[in-house]
Amino acid sequence: MSKNRPIPPLTLASTSPFRKKLLKRLGIEFSVAAPGVDETANPGEDGRALALRLSIAKAQAIAATIQKGLVIGSDQVAVLGNEVLGKPRDRAAAIRQLTLSSGREMHLYTGLALANAATGIIQQDVVSYRVLYRTPVSYTHLTLPTNREV
């Protein structure tokens, strides 16, 4: 941005402690707002499309509540085989997902959307990662975070 133009306010549309911590590392000021978006996959929706749709929905939900500024929406979706894995609700569900993943290849799709609240313009992208888990691995000894960032 030009030195003559003020930096627009930045809002992270997320309740994720991990995303907040990641953005904080950039050393820029931002606020956080809970987007309240239903994260249920649509019938037949693949992981890439789900990650992108949720990222855009989160950014738009917060952008609609402010007059100016930029809003970041993001979501990550895990796909094992042809199955979109939801976020584990608790330790037992997380261990089940990790055990199911042992020795298998998982795809992670991270969607990112940047919405300009004043213009409605949205920039968007999805980045995919391939993860191969070791086999066999026991996860029952793990201490997992208590928040939803499992």
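In the predicted model, strand β1 (residues 10-13) runs parallel to β3, and four bridges join the two. Within this pairing, Leu12 has Ile72 of β3 as its bridge partner. Strand β3 spans residues 70-80 and is mostly covered, with nine of its eleven residues buried.

Strand β3 also pairs with β5 (residues 105-116); this arrangement is antiparallel and comprises eleven bridges. Leu70 is matched there with Asn116 of β5. A further antiparallel pairing, of three bridges, links β3 to strand β4 (residues 83-85). Ala78 is placed opposite Leu85 of β4. The connection between β3 and β4 is a hairpin with two residues between the strands, and Gly81 in the turn adopts a positive phi of about 65°.

Strand β5 is in turn joined to β6 by eleven bridges, again in an antiparallel sense. Leu108 is paired with Tyr129 of β6. These two strands form a hairpin with five residues between them, in whose turn Gly120 has a positive phi of about 80°. Gly120 belongs to the loop between β5 and β6 (122-132). With a relative accessible area of 52%, Gly120 lies above the 50% cut-off and therefore counts as exposed. The C-alpha atom of Gly120 is 7.9 Å from that of Ala63, although 57 residues separate the two along the chain.

The strands described above belong to a protein chain with three helices and six strands. Their order along the sequence is β-α-β-α-β-β-α-β-β. The chain has 150 residues, of which 32% count as buried. The exposed surface of the chain amounts to about 9900 Å², and 54% of this area comes from carbon and sulfur atoms. Of the contacts between residues at least 6 apart in sequence, 60% join residues at least 24 apart.

The largest nonpolar core consists of nine residues: Ala13, Ile56, Ala59, Ile62, Ala63, Val71, Ala113, Ala115 and Ala117. Helix α2 and strand β5 each supply at least two residues of this core. The greatest contribution is that of α2, which gives four residues. A second core, separate from this one, has seven residues, including Leu54, Val77, Val79 and Val126. In soluble globular proteins, nonpolar side chains tend to be buried together.

Ala113, one of the residues of the largest core, has contacts with several parts of the chain. Leaving aside residues up to four places away in sequence, Ala113 touches Ser55, Ile56, Ala59, Val71, Ile72, Gly73, Ile122, Gln123 and Gln124. Among these contacts, Ile56, Ala59 and Val71 are also members of the largest core.

Glu45 is located in the loop between β2 (31-33) and α2 (47-63). The relative accessibility of Glu45 is 15%, under the 20% cut-off, so this residue counts as buried. A polar contact of 2.8 Å connects the side chain of Glu45 with the backbone nitrogen of Asn42. When residues up to four places away in sequence are not counted, Glu45 touches Leu50, Arg53 and Val84.

Helix α3 (residues 91-101) has buried residues at Ala93, Ala94, Ile95, Leu98 and Ser101. The elements that cover these buried residues include β3 and β5. At the N-terminal end of α3, Asp90 acts as a cap, with a side-chain oxygen 3.3 Å from the backbone nitrogen of Ala92. Beyond the other end of the helix, Gly103 follows just after α3 and takes a positive phi of about 75°.

Methods
Residues numbered from 1 in each chain as written. Predicted model: local features only at pLDDT ≥ 70, side-chain atom pairs only at ≥ 80, totals over all residues. Heavy atoms only, no water. Buried < 20%, exposed > 50% of the residue type's maximum accessible area, 1.4 Å probe, protein only. Contact = heavy atoms within 4.5 Å. Areas by Shrake-Rupley, 256 points an atom, 1.4 Å probe, with all protein chains shown as cover. Pairing = 2+ DSSP bridges. Polar contact = N/O pair within 3.5 Å; in protein donor to acceptor, adjacent residues only side chain to side chain. Core = buried A, V, L, I, M, F, W, Y, C linked by side-chain atoms within 4.5 Å.
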